Each structure stands twice: as structure tokens, then as C-alpha cells.
Amino acid sequence: MKQDTTVASTADTCKTIIEVARQQHHRSQQPRDIKLSPVPTADDFDFKNFSCGDEEEDFFIPPLNFAMVDNGIFRSGFPDVDNFPFLQTLALRSIIYLCPEPYPEANMEFLKANDIRLFQFGIKNCKEPFVTIPEEKIREALGVLIDVRNHPVLIHCKRGKHRTGCLVGCLRKLQKWCLTSVFDEYQRFAAAKARVSDQRFMELFDPSSFKQQSLSFSCSKRGRARSLRPVLHANYG
């Protein structure tokens, strides 16, 4: 009789343990009320006054196809108003502009405000097979480009691909780059719109007349009085 009581007690205990386990499993399967933070949207951000920490951070937007060519020499597509704060960080002394169209008024005001000299070499943008690259203007532009008195300098045309690419390619030949490297750099910017005529021009360009000039470029900060020198616009178009 005592043995039957013990067996019944053990069975009840096991039944209780199994029931508790079932209840716990059932609770774990029920969805919990989880409070999530709202997903931020673009309206929640103040991009104009966005800051990181206690100090405000300025956003600088480089022009299309911007890149450093060498110490004190930069290249890009046509800069617009949004790019002006970025260009100010370069402390430019000169801009070499390779298009025949007049420089926009807003850009001219930027040059005046920052004491930047404009050298314009009007080279028309034609599509193949009617591309004609005026070698004389490229040579004049190259002479301005390698003159350290004009550094830091920015070279640009419309997109920073063909005309700018040709001028940079001629500079590379003066720096004794092999043609493979010259073409590789040109194609990196021109991409699918690379022109055979541009590459042929660079291949045939003879830089020997510039070899007496120094190529010791420097992009050190300018130490000069801005108010003493007027803004000059040299147009070689």
C-alpha cells in the first residue's frame, strides 16, 4: 500500500513538471510587446546645419572629375557655385579654362573675391571624325601650366575629359611618362568616350621645346597680399 502511494506521488510530481514546462513553452511562443524607435526619415535631418559633436562640419563638393595631377596642379570639369567652398580650400592662384565660351559671371565674381587669375584658351569641342586640336593653344596652355608662379592651378573644360585630358597628357610626356601610362590616365577620365584623335595627338606631341623649364612643382600655401594684385583675365581664344 505504501509502495502504491509512493508511485502515485512520483507520477503527480512528473505530471506537474510537464505541465509547468508546457506553460513556459506556450508563453515563449506568444508575441511580446516590443517598443521600437521610429525610423528616421530625410525630414528628420538638418543637412544644412548638420554637425558632428559640438563643432559644425562644412560639406565640400568637388567639381565633376576632380583629381590632383601633381603638386600644385589639379583638374576637373566645369565648377559651379556648389563647388566654390571646395575650391577655396585649394588656395588657387590660377585657373586654365579650355573652352571658347565666356566665363560665367558667378565664376568671375568668385575669381575676384579669391584673387585667382583666369587663363582662357578657347578650344572648340568637336566630335569625331571632325576633331581638330590646336597644337599652338595646347603649347601656350602648357607653358602657363608648368610655370610655378601660377600654382596652385586648376585645369578644366566642360567635363574634364577630352580637352583637359589632352593638356594633362602633354604634361605627362614632358614628365617622360610612357605612352601606355599617358593613355591609361586619359582613358580613366574619358571612359567610354575616349577619342582616338586625342590619343594620336598626345602620341605625336613633341615636348622638347619645354625641356629647359623647371618641373619642380610645389603646392605650398601662398603668402601674398591679396589687395595688391588685380584679377587678370588672359584670353588666348
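How many salt bridges does the structure hold? There are 4 salt bridges in this predicted model, and the close-ups below visit some of them along with a loop, a strand, the nonpolar cores and a pair of helices.

**View 1. Here R139 and E135 pair up in a salt bridge.** Their closest N and O atoms are 3.0 Å apart. Both residues belong to helix α4, and they sit 4 residues apart, about one turn of the helix. R139 is partly exposed because its relative accessibility is 22%. E135 is partly exposed too, with a relative accessible area of 36%. Side chains of opposite charge can pair when their charged atoms come close.

**View 2. This one shows the salt bridge between E185 and R172.** The closest N and O atoms of the pair are 2.9 Å apart. E185 comes from helix α6 and R172 from helix α5, so this salt bridge ties together parts that are 13 residues apart in sequence. Is E185 buried or exposed? With a relative accessible area of 7%, E185 is buried. R172 counts as buried as well, at 4% relative accessibility.

**View 3. Now for D184 and R188, which form a salt bridge within helix α6.** Their closest N and O atoms are 3.4 Å apart. The two residues are 4 places apart in the helix, about one turn. D184 is partly exposed, its relative accessible area being 45%, while R188 is exposed at 55%.

**View 4. Helices α6 and α7 cross here.** The axes of α6 (residues 179–190) and α7 (residues 196–204) come within 11 Å and cross at roughly 145°. The crossing is right-handed. Which residues of α6 meet α7? They are L179, V182, F183, Y186 and Q187, and on the α7 side you'll find D198, Q199, M202 and E203. Sort the residues of this contact by type and you get 5 nonpolar, 2 polar and 2 charged.

**View 5. Take a look at C157, in the loop between β7 (153–156) and α5 (162–174).** C157 counts as buried because its relative accessibility is 2%. If you skip its neighbours within four places in sequence, C157 is in contact with S76, G77, F78, L98, C99, R163 and T164. P100 is 57 residues away from C157 along the chain, yet the C-alpha atoms of the two are separated by 9.4 Å.

**View 6. One of the contacts of C157 is S76, which gets its own close-up.** S76 is part of strand β4 (residues 73–76). With a relative accessible area of 0%, S76 is buried. Not counting residues up to four places away in sequence, S76 touches P63, L64, N65, F66, L154, I155, H156, C157, G160 and T164.

**View 7. Finally, here is the largest nonpolar core, with its 42 residues.** The members that touch the most others are I96, L98, L142, L145 and L167. Several elements each supply at least two residues of this core, among them β4, α2 (84–88), β5 (94–97) and α3 (105–113). Which element gives the most to this core? That would be α5, with 6 residues. Apart from this core lies another one, of 5 residues, including V182, Y186, A190 and M202. Back in the largest core, L142 is one of the members with the most partners. Leaving aside neighbours within four places in sequence, L142 is in contact with L167, C170, L171, F205 and F210.

Definitions and conventions: Residues numbered from 1 in each chain as written. Predicted model: local features only at pLDDT ≥ 70, side-chain atom pairs only at ≥ 80, totals over all residues. Heavy atoms only, no water. Axes fitted to C-alpha atoms, helices over the stretch in contact; angles between N-to-C directions. Left-handed = near helix turned anticlockwise from the far one by under 90°. Contact = heavy atoms within 4.5 Å. Nonpolar A, V, L, I, M, F, W, Y, C, P; charged D, E, K, R; others polar. Buried < 20%, exposed > 50% of the residue type's maximum accessible area, 1.4 Å probe, protein only. Core = buried A, V, L, I, M, F, W, Y, C linked by side-chain atoms within 4.5 Å. Salt bridge = Lys/Arg side-chain N within 4 Å of Asp/Glu carboxyl O.
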